[in-house]
Amino acid sequence: MMGCWILHEGLTIILVLSWLGVNLYLFIDTFRWYEEEESFHYTRAILGSTLAWARASALCLNFNCMLILLPVSRNLISFIRGTSICCRGPWRRQLDKNLKFHKLIAYGIAVNATIHIVAHLFNLERYHLSQTEEAGGLVAALSKLGNAPNETYLNPIRTFHTNTTTELLKTIAGITGLVISLALILIMTSSTEFIRQVSYELFWYTHHVFIIFFISLAIHGAGRIVRGQTPESLSLHNVTFCRDHYAEWQTATQCPVPQFSGKEPSAWKWVLSPVVLYACERIIRFWRFQQEVVITKVVSHPSGVLELHMKKRSFKMAPGQYILVQCPAISSLEWHPFTLTSAPQEDFFSVHIREAGDWTRALLKAFGAEGQAPKEPWSLPRLAVDGPFGAALTDVFHYPVSVCIAAGIGVTPFAALLKSIWYQCCDSQTQLKLSKVYFYWICRDARAFEWFADLLLSLETRMSEQGKTHFLSYHIFLTGWDENQAIHIALHWDENNDVITGKLSFPCLVGVFSCGPKALSKTLQRMCHLYSSADPRGVHFYYNEESF
Amino acid sequence: MGQIEWAMWANEQALASGLILITGGIVATAGRFTQWYFGAYSIAAGVFVCLLEYPRGKRAKGTTMERCGQKYMTTVLKLFGPLTRNYYIRAVLHLMLSVPAGFLLATILGTACLAIASGIYLLAAVRGEQWMPIEPKPRQRPQVGATIKQPPSNPPPRPPAEARKKPSEGEEAAAGVSAGGPQANPIPVTDEVV
């Protein structure tokens, strides 16, 4: 069992471990450098190890802030998915986990930020204390540097008669650091799963504080407050000898006064490219927003579902993909995801929209879905469409046998898929690798998806007309019960019959696709591992998850 | 922006602020920073805020995800009646708690975060939101007969028998009944009360 799990989740684990490994390497390498580097010997004399802790975590922060924008560059990911470089199987599946990577990197930022802040709290306190009368020896001598002309300072705090808060707020690093921390905390508290459920808009709008985050990050080091000895000074002033002769620095020529300079800011170098890339991403979204979307048909289903047929220039889709729809008349900033329900072979693309919140309610009303007289075409609100964006269902065609399980509203991506399967299997030119599709549909009652039930019916009729009745086999589980019970029944039903494995010729890959609640996908994932044969020549169930 | 329940976010923000206050306080106290006693205060204030904010209030609409083990603190909070229900009081309380921690650098982030949480609570209070405890659902003794669900009376849509050339297979039992009669369930239905 464990072996199967490793096999299936292997690539994700490798990627996560690689990320962790790079973080650890950067941290440890930087830590050792700052602990051993001669030019920072005098800085260390005042600050101790907390200098190295702060710098090491700073580098990890640079690394993670560079990465964090990449998993949410939707168009970049779709582009990578489209190219044949990392086309098949496991690599494609990693692209589906982009949000999980984004969250992982965010946690990495949070951890490193905590270390960085705590270390700098100690640093400021130590700089402050080294200006006291009681501070003796080398530390005191170092802190006095900069008072005389021709001297560069080491200690940014110049007197004891101040407090660390005031000193922090006098520096660019301090102010930007406070702003960055607040931005990060606001982003994180509004991104918890609960808040995303309560109000997606709050999460989305607050998340844009990342703009302030990145701007502040870029100028965070501008004050050059991390100071080390200059190379010229190091060549004249032998640290190993002179550190014990600090009383003679002013007078002796053997140990001239050490000179210091600040480290130049480097965060901007790390984050410039991803920021530019993400800016392009948003520009692409804006450009797509400007493109005309022609609404060719509006169907209002009695179950409160609005079907929209649209056309857009050079729009190409694959089944299972989704688009982002914006209706400026309702909200100029909100983009909402909807799965495409049309097949690529059709000359339009369609979505089915059900009321699920303020925005969808307003949209249904604007399109006259509330039972009034049908609206005039010119009075329909304008829509903007971005996408399509990738999802896992395109892999269905790569398996000889595919099992699709949909629960409730998760049935929507399968509408496009089943239509596309029909087009492809009835087109005698194409030779499909896919030879059998099992489709399971679990929902409370079919009324809300009566449009889909109609689709199934017409597909079955058309398939039987073509003599391909064995191609698609579907099962509907209607239940007014708890969805969990229905899922339980649906899954254990086949356990007794062992239908699928019994009819396959070995070796065989079965793709399992699902769209529905998390409980369903977790159970299915377990089942796939359970029933997959450990023997590479046996039957393997590959689980592909679809989630929004 | 529609109906955002601000108190929910204020709660998350306040809980985070409590943790930040505790962390800053520990750093200042353990490191014996100047005026470290503010750090000690900060730890106490942080613990208080965390306990106060741990039980999530009930949402006005929809289901609320409870935090693990929050029912104990919910019971305590209910005892205080309007003091814990009213968000104006919470806003003022958080603002007052945050001020002393502002005198120490190590806890200043906690001050800022708690002040922001206070502001969001004020917004929630102005919009008339209130803290309502999440009550456990009472277990009802079901009446026999009322809970037996009828299986769907109509079979799933099927084309007429002539169009269907599929031989009947075992797994087709879900749809393998003649049209017009009540749907026979693939496995026996037992009413399980959860």
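**Group meeting: a predicted model with chains A and B**

Let me begin with strand E9 of chain A, residues 401-407, where seven of the seven residues are buried, so the strand is largely enclosed by the rest of the structure. I should say at once that this is a predicted model, and that I will come back to its confidence values.

Staying with E9(A), the side chains divide between two directions: A:Val401, A:Val403, A:Ile405 and A:Ala407 point one way, while A:Ser402, A:Cys404 and A:Ala406 point the other way, and all of these residues are buried. That division follows a general pattern, since in a regular strand the side chains alternate between the two faces of the sheet. The partner I want to show you is strand E10, residues 436-443 of chain A, which pairs with E9(A) in the parallel sense over seven bridges, and in that pairing A:Ala406 stands opposite A:Trp441.

From there I move to strand E4 of chain A, residues 305-312, which is mostly covered, with seven of its eight residues buried. How does strand E3, residues 293-301, run relative to E4(A), and how many bridges join them? The two run antiparallel and are joined by eight bridges, with A:Val293 of E3(A) opposite A:Lys312 of E4(A). Their hairpin has three residues between the strands, and in it A:Gly304 takes a positive phi near 80°. E4(A) is also joined to strand E7, residues 349-354, by six bridges, again in an antiparallel arrangement, and here A:Leu308 stands opposite A:Val351.

Now to the helical part of chain A. In helix H12, residues 210-219, the buried residues are A:Phe210, A:Phe213, A:Phe214, A:Ser216 and A:Leu217. Seen down the axis of H12(A), these buried residues fall within an arc of 165°, so they line one face of the helix. The general background is that an α-helix has 3.6 residues a turn, so residues three or four places apart point the same way. As for what that face meets, the buried residues of H12(A) pack against helices H3 (50-68), H9 (172-189), H11 (200-207) and H15 (267-290) of chain A.

Some of the H12(A) residues reappear when we turn to the largest nonpolar core, which has 61 residues: those touching the most other members are A:Tyr42, A:Leu142, A:Phe213, A:Phe214, A:Leu217 and A:Trp249. The largest share of this core, nine residues, comes from H3(A). There is also a second, separate core of 34 residues, which includes A:Leu418, A:Val437, A:Trp441 and A:Leu455; you will recall A:Trp441 as the residue opposite A:Ala406. As for A:Trp249 in the largest core, its contacts beyond four places in sequence include A:Tyr42, A:Leu138, A:Leu142, A:His237 and A:Pro256.

The UniProt record, an unreviewed entry, places the feature "transmembrane region" at several spans of chain A, among them residues 51-72 and 168-190. In the model, residues 51-72 are 82% helix and 0% strand, with the end C-alpha atoms 33 Å apart, whereas residues 168-190 are 91% helix and 0% strand, with the end C-alpha atoms 27 Å apart.

One backbone detail in chain A deserves a pause: A:Asn150 has a positive phi of about 70° although it is not a glycine. It sits in the loop between helices H7 (137-144) and H8 (164-170), and at 74% relative accessibility A:Asn150 counts as exposed.

Chain B has a plainer make-up, with six helices and zero strands, and 40% of its 194 residues are buried. Of its contacts with a separation of 6 or more, 72% are between residues 24 or more positions apart.

Within chain B, is B:His94 of helix H5, residues 87-101, buried or exposed? B:His94 is buried, with a relative accessible area of 0%. Beyond four places in sequence, B:His94 touches B:Ala14, B:Val49, B:Leu52, B:Glu53, B:Leu114, B:Ser118 and B:Tyr121. B:Gln35, in the loop between helices H1 (6-30) and H2 (37-53) of chain B, also has a positive phi, of about 60°, without being a glycine, and is partly exposed at 35% relative accessible area.

Finally, the confidence values: chain A averages a pLDDT of 83, and 87% of the residues score at least 70. Over residues 496-506, however, the pLDDT is below 50, and this stretch has 18 contacts in the model beyond near neighbours in sequence.

Conventions. Residues are numbered from 1 along each chain as its sequence is written. Chains are lettered from A and ligands numbered from 1 in the order in which they are written. Side-chain values use heavy atoms; hydrogens and water are left out. Buried means under 20% relative accessible area, exposed over 50%, partly exposed in between (1.4 Å probe, protein chains only). Helices (H or I, at least four residues) and strands (E, at least two) are DSSP runs, numbered from the N terminus. The arc is that of the directions from the helix axis to the C-beta atoms. Contact means heavy atoms within 4.5 Å. A nonpolar core is a set of buried Ala, Val, Leu, Ile, Met, Phe, Trp, Tyr and Cys residues joined through side-chain atoms within 4.5 Å. UniProt positions are given in the numbering used here, feature names are shortened, and annotations may be inferred rather than shown by experiment. pLDDT is the predictor's confidence in each residue, from 0 to 100. Two strands pair if DSSP finds at least two bridges between them.
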